Amino acid sequence: MQKTILHMDLDTFFVSVERRLDSRLNHKPILVGGLTDRGVVAACSYETRGYGIHSGMPMKMARELCPEAVVIKGNAGTYSKHSDEVTEIIKEQVPLFEKSSIDEFYADLSGMDRFFGCYKYAMELRQRIIRETGLPISFGMSVNKVVSKVATNEAKPNNQLKVDFGYEKAFLAPLSIKKIPMVGDKTYQTLRNLGLRKIKTIQEMPIDLMQRVLGKNGIVIWKRSNGVDNTPVIPFCDRKSISNERTFERDTIDVVKLKGILIAMTENLAFQLRRGQKLTACVTVKIRYSDFNTYSKQMRIPYTSADHILIPKVLDLFRLLYNKRLLVRLIGVRFSHLVSGNYQINLFEDTEEALNLYMAMDRIRERFGDKSVIRASSMGAKTIGRMHNPFNGQPPIVLAHRKQ
Ligand SMILES: [Mg+2]
């Protein structure tokens with residue numbers, strides 16, 4: 001059966017939320033991000049694009065390029081709330097959808113054609129989102145995710161585009177190779193150095209040649225260029241969570257040790273999030289006491305993957321949950337409501353230095369293993385737990401195997 005895949009993307013999402021909260025910002029150049037000299041641009045309005053501004057650029061440089069821009073320190077909590085509002089509308093209207101990032105959705109409308117025209121249905125959904133949330137959103141529709149995503153980007157801002165079945169290659173042909181999802185700056189340069197500019201040229205190349213130059217990625221890029229993509233829409237509710245838990249050899253009431261282990265687990269899970277380019281919006285802490293009664297408590301939070309935000313939440317939950325008189329048999333941490341995304345959402349609080357610090361720590365972990373860099377406060381967990389203590393005669397504590 002031929003599929004109908006819808007891709008929806010909120011336009012300059014952070015900027016649009018700020019404008020919804022203060023209409024005086026309409027039509028003005030807006031920069032959202034860290035306000036200090038070391039801050040980074042997390043989002044910018046279309047009005048700033050002509051000045052050569054793009055997200056990820058140092059805020060200081062952006063302000064120099066466009067001194068008249070209104071600079072706003074973003075708020076992850078506000079954006080998460082508005083993202084949830086849009087998600088609720090889509091959830092009501094579409095049985096199978098994927099939330100692929102804080103401001104992006106895929107929906108599989110296959111089979112709905114008999115009852116409704118899919119395009120008409122998507123148009124009405126888009127209008128409803130705009131009407132009820134006040135946020136501009138664009139969509140692309142085609143037979144698969146890749147072509148629909150490209151179509152959305154071509155439709156923007158605040159518009160829609162349908163690529164009819166059979167016209168995928170023709171639609172992609174005149175576009176720049178930069179428009180293919182997954183072609184980043186580095187791949188783009190490699191392809192440019194080969195003299196490639198338009199997707200059409202890749203379409204006409206033999207697939208083996210692409211493979212020789214770019215390996216496995218070359219095959220994927222070639223297929224995408226030809227409008228071929230079979231990746232399914234992953235239902236939102238099936239989004240996996242990541243968790244870590246540990247059963248003690250001997251039940252314990254040592255709170256310092258428990259906290260140290262929770263911090264170590266959180267650091268490790270946060271690293272897993274960042275490595276998988278994911279953000280979490282829900283934290284759960286679980287405690288099982290020696291009588292096998294198990295309790296857990298969870299908290300919704302703004303989307304994040306940053307240790308310094310997640311650790312205090314985990315410790316708060318532990319404080320609320322923990323009954324001091326009882327021996328603990330097991331503790332665990334879980335992050336759920338995962339969406340794809342990167343550091344961008346945390347840029348408002350953080351300086352470029354903090355960001356670089358995370359990246360540097362993660363690079364060390366990639367090279368030397370998960371536990372090669374840890375926070376001083378979780379060192380306790382390391383000395384009491386993961387490192388063998390020659391004086392107490394107990395076996396070393398090993399962190400539970402990570403479940404994916
Ligand atoms: Mg967007």
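## Strand pairing around strand 7

Two strands are taken to pair if DSSP finds at least two bridges between them. In this predicted model, strand 7 and strand 8 are joined by three bridges and run parallel. Within this pairing, Phe139 has Gln160 of strand 8 as its bridge partner. Strand 7 is also joined to strand 1, here by six bridges and in an antiparallel arrangement. Ile5 and Ser142 of strand 7 are bridge partners.

Strand 7 covers residues 137–142, and six of its six residues are buried. In a regular strand, side chains alternate between the two faces of the sheet. Both faces of strand 7 are covered: one side carries Ile137, Phe139 and Met141, the other Ser138, Gly140 and Ser142, and all of these residues are buried.

## Overall organisation and confidence

The chain contains 15 helices and 13 strands. Of its 404 residues, 39% count as buried. Among contacts between residues at least 6 apart in sequence, 66% join residues that are at least 24 apart.

The average pLDDT of the chain is 86, and 86% of the residues score at least 70. Residues 382–404 have pLDDT below 50; this stretch nevertheless has 29 contacts in the model beyond near neighbours in sequence.

## Leu6 and the largest nonpolar core

The largest nonpolar core has 88 residues, of which Leu6, Leu262 and Val314 touch the most other members. The greatest contribution to this core comes from helix 12 (residues 255–275), with 10 residues.

Leu6 is located in strand 1. Leu6 counts as buried because it has 29 C-beta neighbours inside 10 Å, and the threshold for burial is 20 or more. Leaving aside neighbours within four places in sequence, Leu6 is in contact with Tyr106, Ala107, Leu109, Ala122, Phe139, Met141 and Ser148. Two of these partners, Phe139 and Met141, belong to one side of strand 7. The C-alpha atoms of Leu6 and Lys145 are separated by 7.4 Å, although the two residues are 139 residues apart along the chain.

## The three-stranded sheet

An open sheet is formed by three strands in the order 3-2-4, with mixed pairing. Strand 3 (41–44) and strand 4 (70–72) each have a single partner strand and stand at the edges, so one side of each is left without a neighbour in the sheet. From one strand to the next, the twist averages 25°.

Strand 2 (residues 30–33) runs parallel to strand 4, and three bridges join the two. In this pairing, Val32 stands opposite Ile72 of strand 4.

## Helix 11 and its surroundings

Helix 11 spans residues 216–225, and its buried residues include Gly218, Ile221, Trp222, Arg224 and Ser225. These five lie on the same side of helix 11, because they cover an arc of only 165° around the axis. The elements that cover the buried residues of helix 11 include helix 6 (145–155), helix 7 (168–172), helix 9 (199–204) and helix 10 (207–214). After helix 11 comes Gly227, which has a positive phi, near 75°.

## Backbone features in loops

Thr12 and Met182 each have a positive phi without being glycine, at about 30° for Thr12 and about 95° for Met182. Thr12 lies in the loop between strand 1 (5–10) and helix 1 (13–21), whereas Met182 lies in the loop between helix 7 and helix 8 (185–193).

The surroundings of these two residues also differ. Thr12 has 25 other C-beta atoms within 10 Å and is therefore buried. Met182 has 10 other C-beta atoms within 10 Å and is therefore exposed, as the limit for exposure is 12 or fewer.

A further backbone feature is the cis peptide bond that joins Lys156 and Pro157, with omega about 0°. Pro157 is placed in the loop between helix 6 and strand 8 (160–162). Helix 6 is among the elements covering the buried residues of helix 11, while strand 8 is joined to strand 7 by three bridges.

Notes
Residues are numbered from 1 along each chain as its sequence is written. This is a predicted model: local features need pLDDT of at least 70, side-chain atom pairs count only at pLDDT 80 or more; totals for chains, interfaces and linings use all residues. Helices (H or I, at least four residues) and strands (E, at least two) are DSSP runs, numbered from the N terminus. Axes are lines fitted to C-alpha atoms, for helices over the stretch in contact, and angles run from 0 to 180 degrees between N-to-C directions. The arc is that of the directions from the helix axis to the C-beta atoms. Two residues are in contact if their C-beta atoms, placed from the backbone, lie within 7 Å. A nonpolar core is a set of buried Ala, Val, Leu, Ile, Met, Phe, Trp, Tyr and Cys residues joined through C-beta atoms within 7 Å. pLDDT is the predictor's confidence in each residue, from 0 to 100.
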